[in-house]
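Please look through the sequence and the structure shown here, and then follow the explanation below from one pair of strands outward to the whole sheet and the ligand.

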Amino acid sequence: PESLSPSKGPLAGMVAIVTGGASGIGAAVARRLHADGAQIAVLDRDTSGADAAFAAFTADVSDRASVDEAVAAVAERFGRIDIVVNNAGIGAQGDIAANDDDEWARVLSINVTGIARVTAAALPWLRRSPAASVCNTASIASTTGLPQRALYSASKGAVSALTRAMAADHLREGIRVNAVNPGTADTPWVGRLLDSASDPAAERAALEARQPHGRLVSPDEVAAAVAYLVSPASGSTTGTFIEVDGGMAQLR
Ligand code: NAD
């Protein structure tokens, strides 16, 4: 169909994998990169929410065999991979004592090792791309001490360090690696957290009031930063981060 092969825009002719692309920030990234001309492969463990205009591949980023199979299927379908947006991630609440070893291992495997699995599987294709780029979704938790987010913060701090290490390893191969640090964004994830409160509307108002700009970050704002970082316009930029947090990181 027409929508699977756009031909205009800064990403025309390119193929982008978006992990976690069936919901929230990832879905906004998929829409934006498609609008910028890329063909989109959504990789998600639950593709039911994925935009029907995009090719969807069911994969769990914490399972290497499933990742290898899905990335191979993307390459077979499109014949190339130029962009990987590592956005799939899960949350974890509480201090260091709140989660057992299995939960630590599970969250780190999805949020951190998942990036390595997906990108490593795509590397042979990225090496062949004339404009290869990777963008990881980190978080304000990467750079800021958030209360009751110990495991989540550890995972996102690791995403930042991994972003720099990947940028260093692959810069001579022409593969750029950057990241975005979103603040609290208006996604189904945050919606679920709010819904679990006794008064979701009051909780949302309080959450908005805690943001420096008085509102939640829009997934489209995060997607715009990702679109810049994976586009030729940022061709001299690697190993860097864009904060999309209303200024929250400046206040702490
Ligand atoms: P979301 O829950 O709305 O979407 C996440 C998507 O990732 C879902 O479609 C889910 O199925 C998929 N996913 C989860 N685990 C997976 C796995 N093991 N394998 C494959 N897919 C998997 O969440 P969101 O709010 O859009 O968050 C997306 C990313 O942004 C996450 O990495 C999150 O840590 C990060 N982030 C979110 C916020 C926020 O406030 N929403 C802030 C900072 C960073």
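In this predicted model, a good place to begin is Thr-137, whose bridge partner in β6 is Val-180. That pair belongs to the contact between β5 and β6, two strands that run parallel and are joined by five bridges. Between these strands the chain passes through α4, and the resulting β-α-β crossover is right-handed. Helix α4, residues 150–170, lies across β5 (133–137), β6 (176–182) and β7, and runs at about 165° to β6.

Strand β6 deserves a closer look, since it is mostly covered, with seven of its seven residues buried. In a regular strand, side chains alternate between the two faces of the sheet. In β6, Arg-176, Asn-178, Val-180 and Pro-182 point one way, while Val-177, Ala-179 and Asn-181 point the other way. On to the next strand, β6 and β7 run parallel and are joined by four bridges, and Asn-181 has Glu-243 of β7 as its bridge partner.

These strands are part of an open sheet of seven, ordered β3-β2-β1-β4-β5-β6-β7 with parallel pairing. Its edge strands, each pairing on one side only, are β3 (55–58) and β7 (241–244), and from one strand to the next the twist averages 20°. Towards the β3 edge, β2 (residues 39–44) pairs with β3 in the parallel sense over four bridges, and Val-42 has Ala-56 of β3 as its bridge partner.

Turning to the ligand, 28 residues surround it, the closest being Gly-20, Ser-23, Gly-24, Gly-89 and Thr-187. Helices α1 (24–35) and α5 (188–195) each supply at least two residues of this shell, which divides into 12 nonpolar, 12 polar and four charged residues.

Note on methods. Residues are numbered from 1 along each chain as its sequence is written. This is a predicted model: local features need pLDDT of at least 70, side-chain atom pairs count only at pLDDT 80 or more; totals for chains, interfaces and linings use all residues. A residue is near a molecule or strand if its C-beta atom, placed from the backbone, lies within 6 Å of it. Ala, Val, Leu, Ile, Met, Phe, Trp, Tyr, Cys and Pro count as nonpolar, Asp, Glu, Lys and Arg as charged, and the others, Gly among them, as polar. Two strands pair if DSSP finds at least two bridges between them. Axes are lines fitted to C-alpha atoms, for helices over the stretch in contact, and angles run from 0 to 180 degrees between N-to-C directions. Two residues are in contact if their C-beta atoms, placed from the backbone, lie within 7 Å. A residue is buried if 20 or more other C-beta atoms lie within 10 Å of its own, exposed if 12 or fewer, and partly exposed in between; C-beta atoms are placed from the backbone. A crossover is right-handed if, with the strands pointing away from the viewer, the path from the first strand over the helix to the second runs clockwise.
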